[in-house]
Amino acid sequence: MQLKRISTGISGLDNLLDGGVLPARSYLITGEAGTGKTTACMQFLLSGLEQGENAIYVTVDERPTEILQSGASLGWDLQRYVQAKNLVILDASPYFSGRAGSAGEKGGDLQKIVSDLSAYAKRMEAARLVVDPLTPLIVSGDSPGRVQEMARSLVHLIQSNLTTTNLFTSHLPRRADHDLTNGIEEFLVAGVVVLRVTQADGRFIRTLQVKKMRATAVEPDEHRFEIAAGKGVTLLAPSLDGGAGVEEPLQALEFFRLPKPDSE
């Protein structure tokens, strides 16, 4: 049975995912700071907005105005979607002000966050949701076990109360012994994409790896990508000489159709 899929908005990635991601499921993009996670989130929402869908962007580390400015720097006019009420950008920073930090209170806060999100999503009939990043909502000095419990609770609440297709981001600490958000990857999200910036031959290289994708056969390879104005994250096709030549954006194969027979 052919599963319905929706576009990620990232050029080249849909090709790797048999056309995109499955609707009404949750996905995670993880990576260090500056690897392109927020850019990928904007592309994901724009892909739906351009098709007439409504969307919600929950920003934790940045103000809504900064998200609009980041989009504008890449040539994307997010403000017009906000003015048309197709896009709502929610500032989650008030969640942190005055938070006592006990386990019980944090659990209550998660319930309220999801309740508010659900109300927004139903009122505007949102199809896509971004939480960027998820990490500060669940990490506050607790043990790794408690962090994973909080992560699973939050994702489960979102999955149970909303019908949106969800994209979360998480911080992947540099040279960390373990990723505190691993519990999200292992148990609840349908897919995990890892973004990295590495240095080779005296220059920096951006790579993308599909670490996990349910209902999709994906090779665990790392794919080079670039971030460009007007395009955002774009996967690059490897050169024939193993990387020394010029790389071009990954393009979809054109579907071949047999010519129609001449009518008699």
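How many of the 13 residues of H2 are buried? The count is 13 of the 13, so helix H2 is largely enclosed by the rest of the structure. Here, buried means under 20% relative accessible area, exposed means over 50%, and partly exposed lies in between (1.4 Å probe, protein chains only).

A few ground rules will help as you look at the structure. This is a predicted model, in which local features need pLDDT of at least 70 and side-chain atom pairs count only at pLDDT 80 or more, while totals for chains, interfaces and linings use all residues. Residues are numbered from 1 along each chain as its sequence is written, and side-chain values use heavy atoms, with hydrogens and water left out.

**The chain as a whole**

The secondary structure comprises 8 helices and 10 strands. These are DSSP runs numbered from the N terminus, with at least four residues (H or I) for a helix and at least two (E) for a strand. Of the 264 residues in the chain, 43% are buried.

**Strand S5 and its partners**

Strand S5 covers residues 165-171, and 6 of these 7 residues are buried, so S5 too is largely enclosed by the rest of the structure. Two strands count as paired if DSSP finds at least two bridges between them. Here are the pairings of S5:

| Strand paired with S5 | Sense | Bridges | One bridge pair |
|---|---|---|---|
| S1 (residues 26-31) | parallel | 6 bridges | Ser-26 with Asn-166 |
| S4 (residues 126-132) | parallel | 4 bridges | Arg-128 with Thr-165 |

**The nonpolar cores**

A nonpolar core is a set of buried Ala, Val, Leu, Ile, Met, Phe, Trp, Tyr and Cys residues joined through side-chain atoms within 4.5 Å. The largest one has 35 residues, and Tyr-57, Leu-87 and Leu-208 have the most contacts inside it. Elements giving two or more residues to this core include S1, H2 (37-49), S2 (54-59) and S3 (87-91). H2 gives the most, with 7 residues.

Leu-87 is a good residue to click on. Leaving aside residues up to four places away in sequence, Leu-87 touches Leu-45, Leu-49, Ala-55, Ile-56, Tyr-57, Leu-78, Tyr-81, Val-82 and Met-124, where contact means heavy atoms within 4.5 Å. Apart from the largest core lies another, of 31 residues, among them Ala-92, Ile-138, Ala-151 and Val-189.

**Back to H2**

The length of H2 can be checked too. At 1.5 Å a residue, its 13 residues should span 18 Å, which agrees with the 19 Å between its end C-alpha atoms; the expected span is 1.5 Å times one less than the number of residues.
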